[in-house]
Amino acid sequence: MKDRKKGKSLVGFPSSFTVLDIETTGLDTTFDSIIELSAIKVKDGSVIDTFSTLVNPERPLDGFITELTGITDDLLQNAPTIETALGSFMEFLGSDVVVGHNVNFDINFIYDEYRRIASSDFTNDFVDTLRLARFLLTDLDHHRLSDLVEYFGLWLGVKHRGLSDANATLGVLSALYDRAVEQYGDIVSFETAFMSRRYTHKAGVKASDITSTNTNFDTTHPLFDKNCVFTGKLAKMPRKEAFQLVVDFGGRVEDSITKKTNYLIVGSLEYSHTIEKGKSKKIKKAERMILNDEDIQILSENAFYDILGI
């Protein structure tokens, strides 16, 4: 959905908010479905309530999703559909600022479903702990939720389940607050530094044969300093143009998947769930890497454009 009228992306650490996390059948809001909605409500720094429900997508799960999350078709059989579950979830959120890790992923799914079901926009302002972490923890090579949990010595619980991930995000937010005060003295100084962030491109760094005229990059952008591989034909633009967009955001393009690859971007036709049994070798390799806890995500063409904001 191109015309999302989302809330504002905030920089800082609110005292009252709701942490949210969802699990889905994949990464594309067009083809995939929400299978779990979870949230933790915080008021004046204290947890006051939680919400969690499985959601029946009304179609079988891909084996990869079951292996990744532990959620099975049997678990979802008697769960409410999204038409029933989302209303209760939105009532729980109210007008709260929402917090999440890579939260635009969650917001986009919720937004599109809420627009479809209720003909309303999801306009809550939000804080993304991934952006905060990438700014504050420049010594880390990876900033996944599991990486931050390990770095801060937190307890993750069951990986890739909504309430466990929401709890982990809450712990990460608190740890990042402490780090911001430690590095900048107070939150106002941190916010000022964040808003004036710049990164000067190092001479001689290339992404294959594609180069950029940009010299300043947003170091908190999801593509910055990340390695991207493409597979399948893109519907919206030539692949070379997509390569250029990656490099212009400070990322790198690779021809094949390696242990350094962070994103596999899949052409829209190849990604469609109607041909899911005909996955390319690159997709199958990326799925194996994800199950082995490698820092790689599979993005559909639409999800790639969501990251770019186009």
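Let me start with burial: 51% of the 310 residues in the protein chain are buried. Keep in mind that this is a predicted model.

Now the overall build. The protein chain has 12 helices and 10 strands. Its C-alpha trace spans about 55 × 50 × 35 Å along the principal axes. How does the radius of gyration compare with that of a compact globule? For 310 residues, a compact globule would come out near 19 Å. The protein chain has 19 Å, so the two agree.

On to charge pairs. Side chains of opposite charge can pair when their charged atoms come close. How many salt bridges does the structure hold? The count is 14. I'll take a few of them.

First up, aspartate 112 and arginine 4. These two form a salt bridge, and their closest N and O atoms are 2.9 Å apart. Where do the partners sit? Aspartate 112 is in helix α4, residues 103–118. Arginine 4 is in the segment before β1, which covers 9–10. The pair therefore ties together parts that are 108 residues apart in sequence. Buried or exposed, these two? Aspartate 112 is buried, and arginine 4 is buried as well.

Next, arginine 144. One partner is aspartate 147, in a salt bridge with the closest N and O atoms 2.9 Å apart. Arginine 144 has 22% relative accessibility, so it counts as partly exposed. Aspartate 147 has 13%, and the cut-off for buried is under 20%. That is why aspartate 147 counts as buried.

Arginine 144 also forms a salt bridge with aspartate 293. Here the closest N and O atoms are 3.6 Å apart. Aspartate 293 lies in the loop between α11 and β10, the latter being 297–300. Arginine 144 lies in the loop between α5 (129–136) and α6 (145–152). So this pair ties together parts that are 149 residues apart in sequence. As for exposure, aspartate 293 counts as partly exposed, because its relative accessibility is 38%.

Which residues make up the network here? Arg144, Asp147, Asp293 and Asp295 are joined into one network by salt bridges that share partners.

Now the surface. Lys281, Lys284, Lys285 and Arg288 form a positive surface patch. Look at lysine 285 in that group. Lysine 285 lies in helix α11, residues 281–291. Its relative accessible area is 35%, so lysine 285 is partly exposed.

Last topic: backbone angles. Most residues other than glycine have a negative phi. Two residues to check here are glutamate 58 and asparagine 102.

Glutamate 58 has a phi near 60 degrees, which is positive, and the residue is not a glycine. Where is glutamate 58 placed? Glutamate 58 is in the loop between β4 (46–54) and α1 (63–69). With a relative accessible area of 60%, glutamate 58 is exposed.

Asparagine 102 is not a glycine either, and its phi is positive at about 55 degrees. Asparagine 102 belongs to the loop between β5 (98–100) and α4. Its relative accessibility is 24%, so asparagine 102 counts as partly exposed.

To recap. The radius of gyration of the protein chain agrees with the compact-globule value. Arg144 belongs to a salt-bridge network with Asp147, Asp293 and Asp295. The positive patch includes Lys285. Glutamate 58 and asparagine 102 both have positive phi. That's it from me.

Notes: Residues numbered from 1 in each chain as written. Predicted model: local features only at pLDDT ≥ 70, side-chain atom pairs only at ≥ 80, totals over all residues. Heavy atoms only, no water. Patch = residues over 30% accessible without salt bridge, like charges linked within 9 Å, V, L, I, M, F, W, Y side chains within 5 Å. Areas by Shrake-Rupley, 256 points an atom, 1.4 Å probe, with all protein chains shown as cover. Salt bridge = Lys/Arg side-chain N within 4 Å of Asp/Glu carboxyl O. Lys, Arg positive; Asp, Glu negative; His and termini not counted. Charge placed at Lys NZ, Arg CZ, Asp CG, Glu CD. Helix = DSSP H or I, 4+ residues; strand = E, 2+ residues; numbered from the N terminus. Buried < 20%, exposed > 50% of the residue type's maximum accessible area, 1.4 Å probe, protein only. Rg over C-alpha atoms; globule rule 2.2 N^0.38 Å.
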